Amino acid sequence: MRVGIDARFITRQPRRGIGSYSLNLVNELVRLDDTVEYVLYIAQSDVEGILPNLPNVAIRQLRPLSYPLWENIALPLAAQKDGLDVLHCLGNTAPYFLPSSVRLVLSIMDVMFLQTGEFVPKPTTLYQKLGRFYRAFSVLFVACRTKKIITISEFSRQDILHFISCINASAVTVTHLSCDPVFGKVLSKEEQTEAVVSDITCAPFIFCLGAEDPRKNTLRLVRAYLALLKQGDISANLIISGYANFENSQSYQEVIDCDATDKVKFLKFVSIGDLALLYRKATVFVYPSLYEGFGIPILEAFSSGCPVIASNVTSIPEVGGEAVLYFDPLSEDEIAQKLFEVLSSADVREDLQSRGYERASQFSWIKTARKTLAVYRECMDVPQV
């Protein structure tokens, strides 16, 4: 069997959600069965040398770099030239047309871009508007023609079947994700000292991944924290990481208005090593998101031994199971209540930490890869081995 994988998100910098999924999946997949040949298609050079170097793996860099042209002209031509049996596209979109001999497998993380509501970010530039239109049109056009669809949670599976009515339910398979192994690693004293964020992790702190994107619900968390601070109920700091433009945000302005800039620290994007340290040093990790197709940060926190409180919506309970203390993400009072409950009780924190370790052990990239390979074989009608 000859399988092509759209691996361009792996070499795109900075590497985020789909890129991390692609990298971890590919690294496990290519080692499962060396009789399966893989062709990894990229748009940008592998300057990190991060792609697998194995006898059953070939790497093809395709031009042009333009997203639609790369996907709809360069990729189908390469698929035909390389004699693929299966083409797996990992980022919600795929070529509109492929040679009839190539079976298409499409990974759809979620269908948020087909929806409206508070959690859906509004495009602010023409590029973003065109990108959203392209994704929406592509997934509706391609999903009805693909052999198999892979998604990352049962929640996303139901969402896909609801919003794309032409899909047969039996064609959609769930392959849960995992997180980078670095989050389960015990950091040495040297690594902790060298970390950029080490100087702000000395005092007890609450940790969150924030953004201006309303889906991340950062503002409600900030308001809940400031309310507790004003009442004198807590003393822990709040560190919000991943907030690229926090200086212009309402969240930051409200922190300034409350004269709490010494208690609330906003960080832009940090390295994976710094992120691991933040999880490991935090008293509690808060995940107030309004919509997630999966929620890898929950597993990152679990693996790092950090207690988690999180929203009770979308896929989050599916990932967190019984290892999370949940709240209604639309209620600032409830967020504050759960924060106080965890911060004021060492027993609650220890229980959540223990449950988190156990829950994290149930997810692994090797499981994801095995289920993905099974989907390829179903496409080919090849018996399982």
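How far is the sulfur of Cys 89 from the closest cysteine sulfur, and which residue holds that closest sulfur? Hold on to that one for a minute, because I want to get to the cysteines by way of the sheet. One caveat up front: what we're looking at is a predicted model.

Okay, the sheet. There's an open sheet of six strands here, and reading across, the order is 10-9-8-11-12-13, with parallel pairing. Strand 10 and strand 13 (325-327) are the edge strands; each has a single partner strand, so one side of each has no neighbour in the sheet. Going from one strand to the next, the twist averages 20°.

Let me zoom in on strand 9, residues 237-241. How many of its five residues are buried? Five of the five, so to speak, and strand 9 is mostly covered. If you look at which way the side chains go, Asn 237, Ile 239 and Ser 241 point one way, Leu 238 and Ile 240 point the other way, and all are buried.

Now, who sits beside strand 9? On one hand there's strand 8, residues 205-209, which pairs with strand 9 in the parallel sense over five bridges. On the other there's strand 10, residues 264-266, also parallel to strand 9, over three bridges. Ile 240 is a nice residue to click on here: it is the bridge partner of Cys 208, and it stands opposite Phe 266 in strand 10.

The connections go like this. Strand 8, helix 7 (residues 218-231) and strand 9 form a right-handed β-α-β unit. Then strand 9, helix 8 (residues 250-257) and strand 10 form a right-handed β-α-β unit too. Helix 7 lies across strand 8, strand 9, strand 10 and strand 11 (284-287), and runs at about 170° to strand 9.

Quick look at the other end of the sheet: strand 12, residues 308-311, runs parallel to strand 13, and three bridges join them. If you want a landmark there, Ile 309 stands opposite Leu 325 in strand 13.

Right, cysteines. How many disulfides does the count come to? One. That disulfide joins Cys 144 to Cys 166, with S to S at 1.5 Å. The pair links distant parts of the chain, 22 residues apart: Cys 144 is in the loop between helix 4 (126-143) and strand 6 (148-151), while Cys 166 is in the loop between helix 5 (154-163) and strand 7 (172-174). For the torsion people, the angle about the S-S bond of Cys 144 and Cys 166 is about -70°, so this disulfide is left-handed.

Are those two cysteines buried, exposed or partly exposed? Cys 144 has 33% relative accessibility, so it counts as partly exposed. Cys 166 is partly exposed as well, with a relative accessible area of 43%.

And that brings me back to where I started. The sulfur of Cys 89 is 12 Å from the closest cysteine sulfur, the one in Cys 379, and that is too far for a bond; the cut-off for a disulfide is sulfur atoms within 2.5 Å. Cys 89 has 0% relative accessibility, so it counts as buried.

Cys 179 gives us another case. Its sulfur is 13 Å from the closest cysteine sulfur, in Cys 306, so that's too far for a bond. Cys 179 is buried, with a relative accessible area of 9%.

Note on methods
Residues are numbered from 1 along each chain as its sequence is written. This is a predicted model: local features need pLDDT of at least 70, side-chain atom pairs count only at pLDDT 80 or more; totals for chains, interfaces and linings use all residues. Side-chain values use heavy atoms; hydrogens and water are left out. Buried means under 20% relative accessible area, exposed over 50%, partly exposed in between (1.4 Å probe, protein chains only). Helices (H or I, at least four residues) and strands (E, at least two) are DSSP runs, numbered from the N terminus. Two strands pair if DSSP finds at least two bridges between them. A crossover is right-handed if, with the strands pointing away from the viewer, the path from the first strand over the helix to the second runs clockwise. Axes are lines fitted to C-alpha atoms, for helices over the stretch in contact, and angles run from 0 to 180 degrees between N-to-C directions. Contact means heavy atoms within 4.5 Å.
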